[in-house]
Amino acid sequence: MLYSRIAGIGHYVPENIISNQHLETLMDTSDAWITERTGIKERRYFTLGKDTNASMATEAAKIAIERAGISAEDIDFIVYATITPDYYFPGPGFVMQRNLGIQNAGVLDIRDQCSGFIYALSTADQFIRSGMYKNILVVGAEIQSTFLNPSNEGRGVAVIFGDGAGAVVVQATEDKNHRILSTHLHADGRYAEDLYVKEPSSSSSAGRFYDNLVNDKTSGDVIMNGNAVFKHAVVRFPEVIREALDKNGLQAEDIDLLVPHQANLRISEYVRQQMGLPEEKVMNNIQKYGNTTAASIPIALCEAWETGRIKDGDLVCLAAFGSGFTWGSALIRW
């Protein structure tokens, strides 16, 4: 029987560090206010002329491919999660494919916001298990700094998000002791407008899809009902983690490391307490990078592995919640 495993992992973050103190010069906010509400101390913004969504993903992918012990030519499928593509179409996965010199491999765009990486990982897992592909490159990458509104009106969102990319190589294996055990995906579209960007829209009454942005620059702002997002997240995170554990006959105490989507340190801490996990069993790096949406889990997972917090045989749980609403989990025996 075929299973899938994470054979290699890499990440890339831009060199441009944006501190809370810098944001204090742009809007009426403070380091104390941001830290108390989000846990974030700094985030990374892309460098114009150097970084693109696809170029950041390319750098992360090169590392993952090298660590997997394969070449780019061995990749036979790509699943790319982002909500901030370089072009309206095609998606950045095609540009990354070109950058890596990969020919003929299929490319699939995933638009599931903060849950995007888990949706992408689950998709790769199913393709591997079916026997269709052997080496799948799974990417989460975002450049969000360009759609933030760094003003008093937009500060509630602008202080949260950052840029970066992470990638893994998902590979076929017959070893049932080191593999992705299961993935679990959910969504509830009733809350789509509780966290969304309305424009540009193909169904806009303004005419051409970007006309509203020309007439009203705020129409492209991120709209977030923060209370609703928080209330749903603290329910769905523990729920989907327990779903993964129950599926595999395991308990919370069996988890060696939980890697949650880096949405808000308060949410991660609440989930940790609900699951009864000690602090050392939860990976948090939102303090350094902010919320990088689809990139947050692979960046955090990569840093955890690089610093020795993940070892062979460890039980690793990934969990996410985001716009849509979407939520999901993946349980991995490393």
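**Chatting through two sheets**

User: Which way do strand 8 and strand 13 run, and how many bridges join them?

Analyst: Strand 8 and strand 13 (residues 326-333) run antiparallel, and 8 bridges join them. Keep in mind that this is a predicted model.

User: Ok, and what stands opposite Thr 183?

Analyst: That's Ala 330, in strand 13.

User: What holds paired strands together anyway?

Analyst: Strands in a sheet pair through backbone hydrogen bonds, and the pairing can be parallel or antiparallel.

User: So what's the strand order in the sheet with strand 8?

Analyst: The order is 8-13-12-11, in an open sheet of 4 strands with mixed pairing. Strand 8 (179-187) and strand 11 (257-260) are the edge strands, each pairing on one side only. From one strand to the next, the twist averages 10°.

User: How do strand 11 and strand 12 run?

Analyst: They run parallel, joined by 4 bridges. Look at Val 259: it stands opposite Leu 318 in strand 12.

User: Which way do the side chains of strand 11 point, and are they buried or exposed?

Analyst: Leu 257 and Val 259 point one way, Leu 258 and Pro 260 point the other way, and all are buried.

User: Which helix lies across those strands?

Analyst: Helix 8 (residues 226-247) does, lying across strands 8, 11, 12 (315-322) and 13. Its angle to strand 12 is about 150°.

User: Switching topic: what's the order in the sheet of 5 strands?

Analyst: That open sheet goes 1-7-6-4-5, and its pairing is mixed. Strand 1 (3-12) and strand 5 (106-110) stand at the edges with a single partner strand each, so one side of each has no neighbour in the sheet. The twist here averages 20° from one strand to the next.

User: How do strand 4 and strand 6 pair?

Analyst: In the parallel sense, over 5 bridges, with strand 4 covering residues 77-81 and strand 6 covering residues 135-142. Val 79 has Val 138 of strand 6 as its bridge partner.

User: And which helix lies across this one?

Analyst: Helix 5 (residues 116-130), which lies across strands 1, 4, 5, 6 and 7 (164-173) and runs at about 170° to strand 6.

User: Last one: is Arg 43 buried or exposed?

Analyst: Arg 43, which lies in strand 3 (residues 42-45), is buried yet has no salt bridge. The nearest side chain of opposite charge is Glu 42, 7.3 Å away.

User: Then which side chain does Arg 43 have a polar contact with?

Analyst: The side chain of Asn 20, through a polar contact of 2.9 Å.

Technical notes: Residues numbered from 1 in each chain as written. Predicted model: local features only at pLDDT ≥ 70, side-chain atom pairs only at ≥ 80, totals over all residues. Heavy atoms only, no water. Pairing = 2+ DSSP bridges. Axes fitted to C-alpha atoms, helices over the stretch in contact; angles between N-to-C directions. Contact = heavy atoms within 4.5 Å. Buried < 20%, exposed > 50% of the residue type's maximum accessible area, 1.4 Å probe, protein only. Lys, Arg positive; Asp, Glu negative; His and termini not counted. Salt bridge = Lys/Arg side-chain N within 4 Å of Asp/Glu carboxyl O. Polar contact = N/O pair within 3.5 Å; in protein donor to acceptor, adjacent residues only side chain to side chain.
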